[in-house]
Amino acid sequence: MPPAHAPGVLLDRLRAGLPADALITDPDVTASYAHDMASFCAAGAPAAVVLPRTVEQVQHVMRTATELRVPVVPQGARTGLSGGANATEGCVVLSLVRMDRILEISPVDRVAVVEPGVVNAVLSRKVMEHGLYYPPDPSSWEQCTIGGNIGTASGGLCCVKYGVTAEYVLGLDVVLADGRLLETGRRTAKGVAGYDLTRLFVGSEGSLGIVVKAVLALRPAPPEQLVLAAEFPSAAAACEAVCAIMERGHTPSLLELMDRTTVRAVNRMAHMGLPESTEALLLAAFDTPDPAADLAAVGELCTAAGAVEVVPAESAAESELLLQARRLSLTALETLKPATMIDDVCVPRSRLAAMLDGTAAIAAKYDLTIGVCAHAGDGNTHPVVCFDAADEDESRRARESFDEIMALGLELGGTITGEHGVGVLKKEWLARELGPVGVEMQRAVKQAFDPLGLLNPGKLF
């Protein structure tokens, strides 16, 4: 949609309702806000970047954008991996990182009320001071914001026991496309009045409204967890252990898998002494009152599935060292080649082995390095395609392998994204997963909330 204003009018209107330091127009600076961390995702040049501190400033931006028909792209820390925060040409980038206040922590109601720019790790540490726990912990938790987590429905390492972001968002304040403020949800333990608009906004990638406040559910802080590492001669054997652990009714706080490529990459980067002879390393953790007993039971299941070595940590410090290796997985894989494409395919746990074996076959077919780390307890795999973007042929093979991995996930009854979102990268695949009726209904929802199509255009559909 072409803008309905002369050059300069947009900036004049924005300045009228914003402090001087909230508006950035220098093209050298605005260019740095053009994209997130995804590869193969086009980005345009923003007309301006706005960094509001108040709800009223967000409302002013949206009213101005609606009046002048200017697209608005909301952003958090831009740690996303699907192009969901990429700018469109001539848009206003609305960066919410300065709205970073924790407004309330209530141990009685077990809720936190926060602004969207609060960093996940900051919130997690703050609520711990009150004996509380905010479970969602994406690998980028030291940088990513709660608003971004809500936009992409983020997960993390502990989801196998505690669930994903959507399960902790009780209520939202949302600025709509026309500048009106919508309050959804509640702060009570229960509430089923009307349609669940809160859940609708979670995972909507900023395409329906701008989240300016969130009420988040908290849990009592669990005991310190202990971690077990099990080395397997094949990915299939490790996946067999995962299935056995879940089938027997265990509730690990974490169940993560790293393939051989990932383990070697972590060792090369961080010199952590992980077993390089392994084909798959499985990490299981428990935060129960007697984690050692739970780890022993899981260790027996791993041995029965073919583990060649099972090593339970004896302390929280040893456990944290193992978890650090897992958290470094994506960073380590990025050191193997100049560029990466990080997939996010989630399959039923029972099909996890087929997903990993199929990914290995795709890597061989395209002669590429593809490392896999996974939230194995959820069936959520992260195949990382490593390639040289300067090599045209290798880039083509990388993109084709990425698509084949998503196709494989759908064939196995899975989904194209478990926690990273659709953004630009997976638009075509979202349509395949939803089908024509599903796409029609989703577009109808978009039309109801954003009839002019100004909010994060070009994403999802």
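Against which elements do the buried residues of α9 pack? They pack against β13 (254–259), β14 (280–286), α11 (316–327), α12 (329–334) and β18 (369–375). This is a predicted model, in which local features need pLDDT of at least 70, side-chain atom pairs count only at pLDDT 80 or more, and totals for chains, interfaces and linings use all residues. Residues are numbered from 1 along each chain as its sequence is written, and side-chain values use heavy atoms, with hydrogens and water left out.

**Helix α9 and the nonpolar cores**

Helices (H or I, at least four residues) and strands (E, at least two) are DSSP runs, numbered from the N terminus. Helix α9 spans residues 260–270, and its buried residues are Thr262, Val263, Ala265, Val266 and Asn267. Buried means under 20% relative accessible area, exposed over 50%, and partly exposed in between, with a 1.4 Å probe and protein chains only. Histidine 271 follows α9 and has a positive phi, near 50°.

A nonpolar core is a set of buried Ala, Val, Leu, Ile, Met, Phe, Trp, Tyr and Cys residues joined through side-chain atoms within 4.5 Å. The largest such core has 56 residues, and Phe232, Ile245, Leu257, Leu282, Cys302 and Val385 have the most contacts inside it. Helix α8 (residues 235–247) supplies the largest share of this core, eight residues. A second, separate core holds 33 residues, including Val118, Leu132, Leu176 and Val215.

Contact means heavy atoms within 4.5 Å. Leaving aside residues up to four places away in sequence, Cys302 touches Ala230, Phe232, Ala241, Ile245, Leu282, Ala307 and Val310.

**Packing of α8 on α13**

Helix α8 packs with helix α13 (residues 352–366) at an angle of about 160°, their axes lying 8 Å apart. α8 is therefore roughly antiparallel to α13; angles under 35 degrees count as roughly parallel, over 145 as roughly antiparallel, 65 to 115 as roughly perpendicular and the rest as oblique. Axes are lines fitted to C-alpha atoms, for helices over the stretch in contact, and angles run from 0 to 180 degrees between N-to-C directions. At this interface, Ala235, Ala236, Cys239 and Val242 of α8 meet Leu352, Ala353, Leu356 and Asp357 of α13.

**Two open sheets**

Two strands pair if DSSP finds at least two bridges between them. One open sheet has four strands in the order β1-β2-β4-β3, with mixed pairing. Its edge strands, β1 (23–24) and β3 (72–75), each pair on one side only. Another open sheet has five strands in the order β5-β6-β10-β8-β9, with antiparallel pairing. Here β5 (102–106) and β9 (181–185) stand at the edges with a single partner strand each, so one side of each is left without a neighbour in the sheet.

The table lists one strand pair from each sheet.

| Strand pair | Bridges | Direction | Facing residues |
|---|---|---|---|
| β2 (residues 48–50) and β4 (residues 92–95) | Three | Parallel | Valine 50 and leucine 94 |
| β8 (residues 169–175) and β9 | Five | Antiparallel | Leucine 172 and threonine 184 |

**Methionine 341**

Methionine 341 lies in strand β16 (residues 339–342). This residue counts as buried because its relative accessibility is 2%. Its contacts, not counting residues up to four places away in sequence, are Ser39, Phe40, Pro383, Val384, Val385, Phe387, Ala398, Arg399, Phe402 and Leu425. The C-alpha atoms of methionine 341 and arginine 327 are separated by 17 Å, the two residues being 14 residues apart along the chain.
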